[in-house]
Amino acid sequence: MKTLIQYTQEAIELLKKLIETQSFSSEEGRTALLIENWFKHNGISYKRNNNNVWATNKHYDATKPTLLLNSHHDTVKPNNGYTKDPFKAIVEDEKLYGLGSNDAGGCLVSLLATFTHFHSQESLKYNLVVVASAEEESSGQNGLNSMLSIIPKIDVAIVGEPTLMNLAVAEKGLVVFDALVKGTASHAAHPNNDNAIYKTIDTLQWFQKQHFGKSSETLGRVKMTVTQINAGKQHNAVPAEVELVVDVRVNDKYSNQEIANFLTKNAPCDEIVPRDLQLSSSSIPLDHELVQAGIAIGRTTYGSPTLSDQACLSCPSLKLGPGDSKRSHSADEFIHLNEIEEGIQTYVKLLNRVIV
């Protein structure tokens, strides 16, 4: 069996290859091949569905509970702030730069190394299933959500996202709403007491001041933010309507449907419609053995405001991974090389307490 140092070195080399291979959401075909090569190199049987690559431990036993290890290999598109080539793996001062290095390449290669470490071990208390998934960044239809009817039934999951290797024991859900404020179209030179743009002022203030009463111990309050506004096509014409987009981050005290019902009834808009109600909040009980094992090895717990593939899981799930969420989607994205080493070591320590 290889040492964790060897796995770490190979994981870093895989991450460099992933960085230098474009993999925008729904365009992950070439990075899927790199992940297939990891399994081939390590003598592991695997399967691929669309651009999702997955495998089970060698001694899978259907009578045992199953633990999912998951992270994604798609990326967002690089923003205009990059000063380094986003598709070149650059190491400077023990930092590995490149698009997807932090979100979530470091997590993915660390989980692949961890899975490979445990793959051939006998008499594990849990089965292991690893899924390197696609379309996470776009919440697409061919990502982890499409795999849940294909892989074995999952009892608990570790989702690899950058958490500084602390335990995100809960995650906010997300509902995006499209809203309309309607008025009367007119020429700008004539009086108009039904100007949709002016009417939107009160609507924006309502969204700004509206608070939901129930606060979560781990996730805090529901956060509602108007993120887009669009109206008008020319300087001398008052538009008939103003389009708004509202981003709502939902804690575990409300269902997405409850939020939608409240806004449909109370928001001062002529129309407000949710795009999708499926991205729900997620959590794992604090007394779950995974959480307790993490605490025992010195990791802290917190609630995460950001969304991940946890949203499509119905089982308890823990978000945990190397890297820092604040670096995600930033210019000159990077991960410290020692974070990958720490990630693999911590995953192994954690699982040694739970599955061995």
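Buried means under 20% relative accessible area, exposed means over 50%, and partly exposed lies in between (1.4 Å probe, protein chains only). This is a predicted model, where local features need pLDDT of at least 70, side-chain atom pairs count only at pLDDT 80 or more, and totals for chains, interfaces and linings use all residues. Residues are numbered from 1 along each chain as its sequence is written, and side-chain values use heavy atoms, with hydrogens and water left out.

**Exercise 1. Classify Lys153 and Asp155, then state how they pair.**

Step 1. Lys153 has a relative accessible area of 65%, so Lys153 is exposed.
Step 2. Asp155 has 31% relative accessibility, so Asp155 is partly exposed.
Step 3. Apply the salt-bridge rule: a side-chain nitrogen of Lys or Arg within 4 Å of a carboxyl oxygen of Asp or Glu.
Step 4. The closest N and O atoms of Asp155 and Lys153 are 3.5 Å apart, and the two form a salt bridge. By this rule the count comes to 12 salt bridges.

**Exercise 2. Describe the salt bridge between Glu13 and Lys16.**

Step 1. The closest N and O atoms of this pair are 3.4 Å apart.
Step 2. Locate the pair. Helices (H or I, at least four residues) and strands (E, at least two) are DSSP runs, numbered from the N terminus. Glu13 and Lys16 are three residues apart in helix α1, so about one helical turn separates them.
Step 3. Recall the geometry: an α-helix has 3.6 residues a turn, so residues three or four places apart point the same way.
Step 4. Check exposure. Glu13 is partly exposed at 40%. Lys16 is partly exposed at 24%.

**Exercise 3. Place the salt bridge of Arg299 and Glu342 in the chain.**

Step 1. The side chains of Arg299 and Glu342 meet at 3.3 Å, N to O.
Step 2. Arg299 sits in the loop between α7 (289-296) and β16 (301-304), and Glu342 in helix α8 (residues 337-354). They are 43 residues apart, and the pair links distant parts of the chain.
Step 3. Arg299 is buried at 17% relative accessibility. Glu342 is partly exposed at 31%.

**Exercise 4. Which residues of α2 are buried, and what do they pack against?**

Step 1. Helix α2 covers residues 29-41, 13 residues in total. Its C-alpha span is 19 Å, close to the expected 18 Å. The expected span is 1.5 Å times one less than the number of residues.
Step 2. The buried residues are Thr31, Ala32, Leu34, Ile35, Glu36, Trp38 and Phe39.
Step 3. They pack against α1 (4-19), β1 (47-49), β2 (52-56), α3 (101-118) and β6 (127-133). Contact means heavy atoms within 4.5 Å.
Step 4. Just after α2, Gly43 takes a positive phi of about 65°.

**Exercise 5. Assess Cys315 for a disulfide.**

Step 1. A disulfide is a pair of cysteine sulfur atoms within 2.5 Å.
Step 2. A search of the whole structure finds zero disulfides. Cys315 is in none; its nearest cysteine sulfur, that of Cys312, is 9.3 Å away.
Step 3. Cys315 is buried, at 13% relative accessibility.

**Exercise 6. Examine the backbone at Asp103, His329 and Asp332.**

Step 1. Recall the norm: most residues other than glycine have a negative phi, and most peptide bonds are trans.
Step 2. A cis peptide bond joins Asp103 and Ala104, with omega about -5°. Ala104 lies in helix α3.
Step 3. His329 has a positive phi near 65°. Asp332 has a positive phi near 55°.
Step 4. His329 lies in the loop between β17 (317-319) and β18 (334-336), as does Asp332. His329 is partly exposed at 41%, whereas Asp332 is buried at 16%.
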